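Me: I have a protein model open and would like to talk it through before I go back to the bench. Can we go over the fold, the charged pairs and the pockets?

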Amino acid sequence: PKWVDWSTILSKEPVDKFSKVVYDLYTKLPPRHCEYRELICRRSGSVQENPTPDTTRNYVDMDGDGGPCRIVLNVYKGSKKKGQYICTAPKSLVEYINNTDALDGDYVFPRARRSPSGWSRCVGNVFQKLLGRRATVNVLRKSYATHCFQSASHMSEATKKNIALSMGTSVLKLQGIYRKI
């Protein structure tokens, strides 16, 4: 079956570093589409040299002062309407970038994983190894949204809007498409 319950997804964590990064991007953060596939590394020195935020790409803003690193998403489905989305980067992603010695402007993930199909396959493979069955990006999104709706019996419109925004979707799609009954 394609459906995987959110508690099942959270019940196991991968051991290898790359799989941990992918797992964390889709479980420690509300699962989004494939926006992470083309993340660029932006080092803090470049922020001081060029303080104008790059609004044409998605990047990880690495903070050399030890503060929280941020994922900044500018290019995603609905970005023209919703605008830039910023969230704290999972620790595993920051460690992965630091271990690869990525320079300012480098892609975070290897070329083979940056196409939409390559990234989707990568995510599916990580969860296949972990759960014994494939969990695609869409399955993860539906499972998370269903978990959110089942967890709160009376969810405010503001809460629904925040969940939808964090997933890069609209409240209408969140309620209609992603809610499993």
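Reply: What follows is a short conversation about this structure.

Me: What kind of model is this, and how are residues numbered?
Reply: It is a predicted model, in which local features need pLDDT of at least 70 and side-chain atom pairs count only at pLDDT 80 or more, while totals for chains, interfaces and linings use all residues. Residues are numbered from 1 along each chain as its sequence is written, and side-chain values use heavy atoms, with hydrogens and water left out.

Me: How many helices and strands are there?
Reply: The protein has nine helices and four strands, taken as DSSP runs (helices H or I, at least four residues; strands E, at least two) and numbered from the N terminus. Along the sequence they follow the pattern α-α-β-α-β-β-α-β-α-α-α-α-α.

Me: How much of it is buried?
Reply: Of the 181 residues, 46% are buried, where buried means under 20% relative accessible area, exposed over 50% and partly exposed in between, with a 1.4 Å probe and protein chains only.

Me: Switching to charges, how many salt bridges are there?
Reply: The count comes to nine, a salt bridge being a side-chain nitrogen of Lys or Arg within 4 Å of a carboxyl oxygen of Asp or Glu.

Me: Which residues are linked in a network?
Reply: Salt bridges link Glu 13, Lys 20, Asp 24 and Lys 28 in a network. Within it, the side chains of Lys 28 and Asp 24 meet at 3.9 Å, N to O; Lys 28 is partly exposed at 48% relative accessible area, whereas Asp 24 is buried at 3%.

Me: And where do Glu 95 and Lys 91 lie?
Reply: Both are in helix α5 (residues 91-100), four residues apart, about one turn of the helix, and they form a salt bridge whose closest N and O atoms are 3.9 Å apart. Glu 95 is partly exposed at 40%, while Lys 91 counts as exposed at 64% relative accessibility.

Me: What about Glu 35 and Arg 32, buried or exposed?
Reply: Both Glu 35 and Arg 32 are buried, and they form a salt bridge with the closest N and O atoms 3.5 Å apart.

Me: Last topic: which residues lie nearest the centre of the largest pocket?
Reply: Glu 35 is one of them, along with Arg 37, Glu 38, Asn 58 and Val 75, out of 14 lining residues. On a 1 Å grid over the protein atoms alone, a pocket is an open set of points where a 1.4 Å probe fits, with protein on both sides within 12 Å along at least five of seven lines, and lining residues have an atom within 4 Å of a point.
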